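Subject: Structure handover

Hello,

Here is the structure I promised to pass on. Please open it first; my notes follow below.

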Amino acid sequence: MSEIDVAIVGAGVAGLAAAAWLARRGARVALLEALPRAGGRAFTDHPAALGGAPFDHGASWLHNAERNPLARLGRWRGETLIDTARTRRRISIVDGRRASEAELAARDAAAEVLETALIARADAPGPDPSFAAALDALPPNPWHANIEAIEATLIAAADPARLSLADWRANRLEGTNLLPPDGFGAYVLRLLAPPPRTLSLTTPVSRLDWGGHEVVLATPRGAIRAKAAIVTVSTGVLAAGGISFAPALPDMTAAAIAALPMGLLSKVALRAAGEDRLDLPPGCFVERRLDARGEPFMAFNAWPRGRDHVIGFFGGETAWALARAGTQAAEDFARAELTRLFGARAARAFAPGVVVTDWGSHPRFLGAYAYPLPGAASARRALATPLAEGRLTFAGEACHPTLAGTVAGALITARMAARTAWSAVKGKGK
Ligand SMILES: Cc1cc2nc3c(=O)[nH]c(=O)nc-3n(C[C@H](O)[C@H](O)[C@H](O)COP(=O)(O)OP(=O)(O)OC[C@H]3O[C@@H](n4cnc5c(N)ncnc54)[C@H](O)[C@@H]3O)c2cc1C
C-alpha cells in the first residue's frame, strides 16, 4: 500500500495550491518539482543588471482582482497590493512624437468599436474563426494593428491567425490589476508556501503509470507510489513528451493537449544609465503606432514600482523568432524600438546589459501559456476532465475556461483537481 495519498507533479501555482488544499484536509502529499525552486511561471529574481531590483520573469499582476482568489487571500493576510489603475497610463507614440489628444481619442474609439464587433462575432452562431480572420472582416482602422498586437500577441501570447476568437472572448482581462510591491513570485511563495515535508525539488517525473489501482511516478530518487496524481506541467511539456504516460492518455486528453499549443510572451528589461527617465511617469505603458498589422511589436512598461528600469513585452511570432535568434537579438530589438520611440536620447538613457526571459526555450515550460486553435476552445475543459475515476487529473492555467493564462486560473483548476483526487482517495478508504 502506498504511503502517499496524492502525488502532484509540478510546484508552480497550481501544484502549490493543490498541495495546500489537500494538506489542510489531512492528505499525505508528495509535491514533485523538476527545478531547484518552486513557483514555476511565478518567479521573482533580483538580477545584477537591474541593480538587484525585483524582476518577475513570468506573472507580475493579479489580474481580474475581483474574482482572483490569490488577491482575496493576500488581502486577508494583510499583504500590500498596489492598484495599478493609478499608474497604468498609456502613452502612444506616432511618427516619433506623442499622440495628440484627438489621436488618443481615435484610438480609444477604435478599441471600443473593435471589441464590440469581435464580441458580437464570437457570440454569433457558426464556426469559431481566428482572431485575425474576425478582424479582417471589419472596416480597416489605423489603430487595428496595435489593438491586435496587444490583445492577441501580448495578452494571449498567440499569433492572431491561430487564436480562437471564442477563447479570446471568454478570457478577456477585466477589472482591477494589482501588483505585489516585492514581486509576484515572492508573493506566491509567501501565500502558497508548501506544507511541511511535502516538496521535493530537483525531482523531475519522467513517467507516470496510471493503469493499476495506484499511480506510480518514476523520478531520479526512485519510484513514488500514490493513490492519485495531479499533473500541473504546461501543455508544452506534455506535447513534447516530457512525461510518458502508461497506458497512453486517452484520445480526448491527447487531442486537448494538441489543440492547446503554448504561446510565447517574453520580456526584456533595461536599466537607466543615469537620471533621464524619458519624461515617462512610473508604471506607464508606451507603445508605438504600428504601420501595418503583423509588424513586430514591443510595448514598454516604464519604471515599474518606481524602479529605474523599463520592461519591454513582446509576444507571438516575434517572441518565438527572437527566442530562436538568442538574447542579443532580443536586446537589439528592444534598443532599436526605444530609439524609434525616443530618438538618440534613448541610446544615452540606458546602461549596457539586459535581462531577457527564456520561457520559450526552457524545457520545463516550452512557452508562456497555452492558447486554443480556432474551433478548439472546449479543449480547456477536456484537458481538465479527470481520468481513471479521479486517480489522474490535469490542472494548471491551460485548464481554466475563462481565466486561462493566469495564476488565478491555475489556482482554481488546482483546487478542483485536489477535490477530485481527494474523493478518489477517500473512495478507496484511507
Ligand atoms: C511572461 C509571462 C507573463 C505572465 N504574466 C502574468 C500576469 O501578469 N498575471 C497572471 O495572472 N499570469 C501571468 N502569466 C501566467 C502565469 O504565470 C501562469 O498562468 C501560471 O504561473 C501557471 O501556473 P501553473 O502552476 O499552471 O504552471 P507552472 O507555473 O508552469 O508550474 C508547473 C511546474 O511543473 C514543473 N515541471 C515541468 N516538468 C516537470 C516534470 N517532468 N516533473 C516535475 N515537475 C515538472 C515546472 O518546473 C513548473 O514549476 C504570465 C506568464 C508568463 C510566462
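First, a term: a cavity here is a set of grid points where a 1.4 Å probe fits but cannot get out, and a volume is the space filled by probe spheres set on those points. Please also keep in mind that this is a predicted model.

Cavities

By that rule, there are 2 cavities of 30 Å³ or more. The largest holds about 60 Å³ of space. Its lining consists of 13 residues. Nearest the centre of the largest cavity are Val-233, Ser-234, Thr-235, Ala-395 and Ala-398. By class, this lining splits into 7 nonpolar, 4 polar and 2 charged residues.

The second largest cavity holds about 40 Å³. Its lining is made up of Leu-278, Leu-280, Val-286, Phe-300, Ala-302, Val-310, Leu-338, Leu-341 and Phe-342. Two elements give two or more residues to it: strand E17 (299-302) and helix H11 (327-342). H11 has the largest share, with 3 residues. What classes of residue line the second largest cavity? There are 9 nonpolar residues, no polar and no charged ones.

Ligand

Now the ligand. Around it are 39 residues. Ala-14, Glu-33, Arg-41, Trp-61 and Val-407 come nearest. The shell has 22 nonpolar, 12 polar and 5 charged residues.

Three contacts to ligand oxygen atoms deserve a look on screen:

- Val-407: a backbone N or O atom lies 2.9 Å from an oxygen atom of the ligand.
- Ser-60: a backbone N or O atom lies 3.1 Å from a ligand oxygen atom.
- His-63: here a polar side-chain atom lies 3.3 Å from an oxygen atom of the ligand.

How much of the ligand does the protein bury? Taken alone, the ligand exposes 1000 Å², and the protein buries 99% of that. The elements that give two or more residues to the shell are helix H1 (13-24), strand E15 (265-272) and helix H14 (407-427).

Single residues

Three residues are worth a separate visit.

Start with Arg-288, in strand E16 (residues 285-288). Is Arg-288 buried or exposed? Its relative accessible area is 8%, under the 20% cut-off, so Arg-288 counts as buried. The side chain of Arg-288 makes a polar contact of 3.1 Å with the side chain of Glu-295.

Next is Thr-402. This residue sits in the loop between strand E21 (392-394) and H14. Thr-402 counts as partly exposed because its relative accessibility is 27%, and the class runs from 20% to 50%. Leu-173 is 229 residues away from Thr-402 along the chain. Their C-alpha atoms are nonetheless separated by 9.4 Å.

Last comes Ala-377. Where does Ala-377 lie? Look in the loop between strand E20 (369-370) and helix H13 (379-384). At 25% relative accessibility, Ala-377 is also partly exposed. Ala-377 and Asp-128 are 249 residues apart along the chain, and 8.8 Å separates their C-alpha atoms.

If you have time for two views, take these. One is the ligand with Ser-60, His-63 and Val-407 shown, since each of them has an entry in the contact list above. The other is the second largest cavity, with its 9 nonpolar lining residues.

Best wishes

Definitions and conventions:
Residues are numbered from 1 along each chain as its sequence is written. This is a predicted model: local features need pLDDT of at least 70, side-chain atom pairs count only at pLDDT 80 or more; totals for chains, interfaces and linings use all residues. Side-chain values use heavy atoms; hydrogens and water are left out. On a 1 Å grid over the protein atoms alone, a cavity is a set of points where a 1.4 Å probe fits but cannot get out, and a pocket is an open set with protein on both sides within 12 Å along at least five of seven lines; lining residues have an atom within 4 Å of a point. Ala, Val, Leu, Ile, Met, Phe, Trp, Tyr, Cys and Pro count as nonpolar, Asp, Glu, Lys and Arg as charged, and the others, Gly among them, as polar. Helices (H or I, at least four residues) and strands (E, at least two) are DSSP runs, numbered from the N terminus. A residue is near a molecule or strand if one of its heavy atoms lies within 4 Å of it. A polar contact is a pair of N or O atoms within 3.5 Å; within protein, one must be able to donate a hydrogen and the other to accept it, and residues adjacent in sequence count only if both atoms are side-chain atoms. Accessible areas come from the Shrake-Rupley method with a 1.4 Å probe; for residues, only the protein chains shown count as cover. Buried means under 20% relative accessible area, exposed over 50%, partly exposed in between (1.4 Å probe, protein chains only).
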